Every structure is written in structure tokens, then in C-alpha cells.
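User: I am new to this structure. Please take a close look at its largest pocket and at the ligand, and walk me through what is there.

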Amino acid sequence: MSFKALLADKAGDAISASIVDFDEKDLMAGDVTVAVEYSTVNYKDGMALTGAAPIIQTFPLIAGVDFAGVVEASSYPGIQVGDRVVANSWGLSQTHHGGYAQKARVSGDWLVKLPGNISTKDAMALGTAGYTAMLCVLALEHGGLTPERGDILVTGANGGVGSIAIALLSKLGYRVVASTGRPEEADYLRTLGAAEIIDRKTLSEPGGPIASERWAGAVDSVGSHTLANVLAQTTYRGVVTACGLAQGLDLPATVLPFILRNVTLAGIDSVNAPQAVRLEAWRRLAIDLDIEKLARTVTMVGLSDVAALAPKILKGEVQGRTVVDVNA
Ligand code: NDP
């Protein structure tokens, strides 16, 4: 039986992606087969499909780092036919066929059963970006932050991680300040729960090693000078999570925020996060996210739209979250 898939291939240095009829028998090994309903477009998908970073390690490969759907066959203990499941990252779109397809076969270890109030579409409106935003919130809490401690900064505010971090943190009672290069989208950010909007230029240029204390905590998906400045402005015993590199992968900072202000810099990796952490993140997303707000971040597309979106997300031209209906 064949199904539609977005297959990435490589000729020389150039990566191409085209929609093909893919034979189910050519899927890789796995003990669960899923009828995929939705996937999504993350920054990492943009890097994979443009070749901006060597995400895809074996060609040809079905791209897409996320999928959600319904289990069609399973020999994995605890996962039954008919279960609604989500897969985020692991080897998807790196070494294993990914989510831009109507079918996926993976190890049951990679799957999380969706909480009752999260649909497969919601799960992809969240995607790796939303699940990563939740990992950031968990890390802030692990560092001891509470809303009373002061303002939380979210950088890359119009992006996937940023948008969902704003929605989560505001629902949890934090006063959220959103840093963006798109101030014209202020209304969107306020709807998500931002109390204040700042221009990202105030953070993106080289700054001093230590500055006036401003942020009790931060969710940073930008890196580079922005992260260095955020650290320099973080209050005593504040917590900053670093998950992204939209500005750059450098970190031109000093140790002063750590040794003078006891600031914690928490690294966030969604790809190889242990299953227990993933389960906790999805459990909390089901409780702490206003699904109504999530809907406002979503643009729906079909499989044939994905390749054109890849360069756009890298240029910061995509707002919020893009959900791919693989059956459209
Ligand atoms: P998006 O493209 O949706 O969002 C990134 C946002 O960053 C943009 O919307 C823009 O926000 C801002 N931005 C873009 N370019 C620049 C720049 N040059 N300087 C400053 N800000 C910029 O991506 P995601 O939210 O999906 O991912 C964000 C980052 O997090 C990426 O680097 C991604 O690779 C990383 N990531 C890491 C994960 C992990 O496991 N560690 C998991 C998921 C994502 P605005 O227009 O508001 O300024």
C-alpha cells in the first residue's frame, strides 16, 4: 500500500523535496505504525529542508520532525490500535522517516499518548516548539521561579517557542515581557498574554558584561548577543533557559552574571529528552495551556506547501505555529 510523503533527497550539496507515493513496505523498522493526521513546520524543519544545517543524515528521507495521529498497528506494550499519539524529534527527519507523510512507523519508545483534551491537531499546533516551550517553563520552575519574583522575558516572541511560552507563562500568572523584531504584531502578542512588548534591537547588539537587574527569568530562543544581554540583565538568583539560535549560535558573555548574581543558565534539549520528561511536559501542556489561545497561533497548510515555508521560517517570516494537514 502506498501513501503520500514529502521525500527529501540530495544531489551534491543541494537538497530537494518532492511529494511522492511512498510504499509502506519501505518504511523503517518500528513496533508501532501510525496513521498520521497532522504534522507541523518547526525552525528545525526549515534547516533540514534547506540544508542550512545538516539535520537529515541519510537520503532519501521523509522529512518532518513531528507528527500526531492514530495507532494503526502496535506490538509495543501499552500502546493499542486506536490510541492517539504524538512523536517529537528523536531520530525523525535525521536518521528515520519523519512526519511529512500519511503514515509513520517508529519505536513505541518515541510515542507519547495524548492527554484527553489535546487533539492530534492541537498536538501539532504545539509540536516540538510548544513542547520545548513547556520544557523551558519546567526548567524555570525547577530553578525556583514563581510569578512573585518579577518579570519574565520571552525572546523570539512571534516564533513558535516564543508564542507558546508567552501563553503558558501568562496563564501561570507571570508578568510576561515579549521581545520581538515585529512590533506591528503587538496585538497578537498581547492576545497571547504579553503584558509589555520591547524591540529586540534593545537586546541584539553587543552589551556590557553586567547591567541593571531587569528579568527574574527568561525563555530565550535567540542566543548570541541577545542571550548574553539577557544574562547580564537577570536579577539575583534568576533563571534563564536557552533553547535556540535564531540570532546565532555564539554566546559572547562573561561569567559575571553567574558569580555575582547567582544566575542559572538552563540548557534545553527537546530531541533526546527522556520519556519521563516528555510525559510530564505533555501532562502540563494539557493543564497549563489555554487551547483557545493556541488556536490563534495556527496557520493550516497542506503537504505541498511545506517546502516553500522552509526558507521563510529561517528568515523569521513565519508567525506562530504552522500545522500541516497531511491528508489535505
Ligand atoms: P521560529 O522561526 O518560529 O521563531 C524564531 C523567532 O526568533 C522569530 O519568529 C523571530 O521572532 C526571532 N528571530 C528570528 N531571527 C532573529 C534574529 N536574527 N535575531 C533575533 N531574533 C530573531 O522558530 P521556533 O520558535 O520553532 O524555534 C526557535 C529557536 O529554538 C530555533 O533556533 C530552533 O532551532 C530552536 N529550537 C530548539 C529546540 C531544542 O530542543 N533546543 C526545540 C525547538 C526549537 P520575532 O519576529 O518576534 O523577533
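Analyst: Start with the lining. In this predicted model, 49 residues line the largest pocket. Those nearest its centre are Y43, S221, G244, L245 and A246. The space inside comes to about 1,100 Å³.

Where does the pocket lie? It lies between domain 1 (2–113 + 297–325) and domain 2 (128–267), because both domains give residues to its lining.

Several elements take part. Helices α1 (43–50), α2 (120–142) and α3 (160–171) each supply at least two lining residues. So do α6 (224–232), α10 (306–314) and the strand β10 (176–180). By class, the lining of the pocket holds 20 nonpolar residues, 22 polar ones and seven charged ones.

Now turn to the ligand. It is surrounded by 26 residues. T180, G181, R182, R200 and S270 are the closest of them.

Which backbone atoms make polar contacts with the ligand? Three examples follow, at V161, C243 and I313. At V161, a backbone N or O atom sits 2.8 Å from an oxygen atom of the ligand. At C243, a polar backbone atom is 3.0 Å from a ligand nitrogen atom. At I313, a polar backbone atom is 3.5 Å from an oxygen atom of the ligand. As for cover, the ligand on its own has 920 Å² of accessible area, and the protein covers 89% of that.

Helix α1 also leads to a backbone detail. P60 is in the loop between α1 and β4 (61–62). The peptide bond joining F59 and P60 is cis, with omega at about -10 degrees.

Another loop has a backbone detail too. S89 is found between β6 (84–88) and β7 (103–106). Its phi is near 65 degrees, a positive value in a residue other than glycine.

Definitions and conventions
Residues are numbered from 1 along each chain as its sequence is written. This is a predicted model: local features need pLDDT of at least 70, side-chain atom pairs count only at pLDDT 80 or more; totals for chains, interfaces and linings use all residues. Side-chain values use heavy atoms; hydrogens and water are left out. On a 1 Å grid over the protein atoms alone, a cavity is a set of points where a 1.4 Å probe fits but cannot get out, and a pocket is an open set with protein on both sides within 12 Å along at least five of seven lines; lining residues have an atom within 4 Å of a point. Grid points are joined across faces, edges and corners, and a volume is the space filled by probe spheres set on the points. Helices (H or I, at least four residues) and strands (E, at least two) are DSSP runs, numbered from the N terminus. Ala, Val, Leu, Ile, Met, Phe, Trp, Tyr, Cys and Pro count as nonpolar, Asp, Glu, Lys and Arg as charged, and the others, Gly among them, as polar. Domain bounds come from an automatic or database domain assignment. A residue is near a molecule or strand if one of its heavy atoms lies within 4 Å of it. A polar contact is a pair of N or O atoms within 3.5 Å; within protein, one must be able to donate a hydrogen and the other to accept it, and residues adjacent in sequence count only if both atoms are side-chain atoms. Accessible areas come from the Shrake-Rupley method with a 1.4 Å probe; for residues, only the protein chains shown count as cover.
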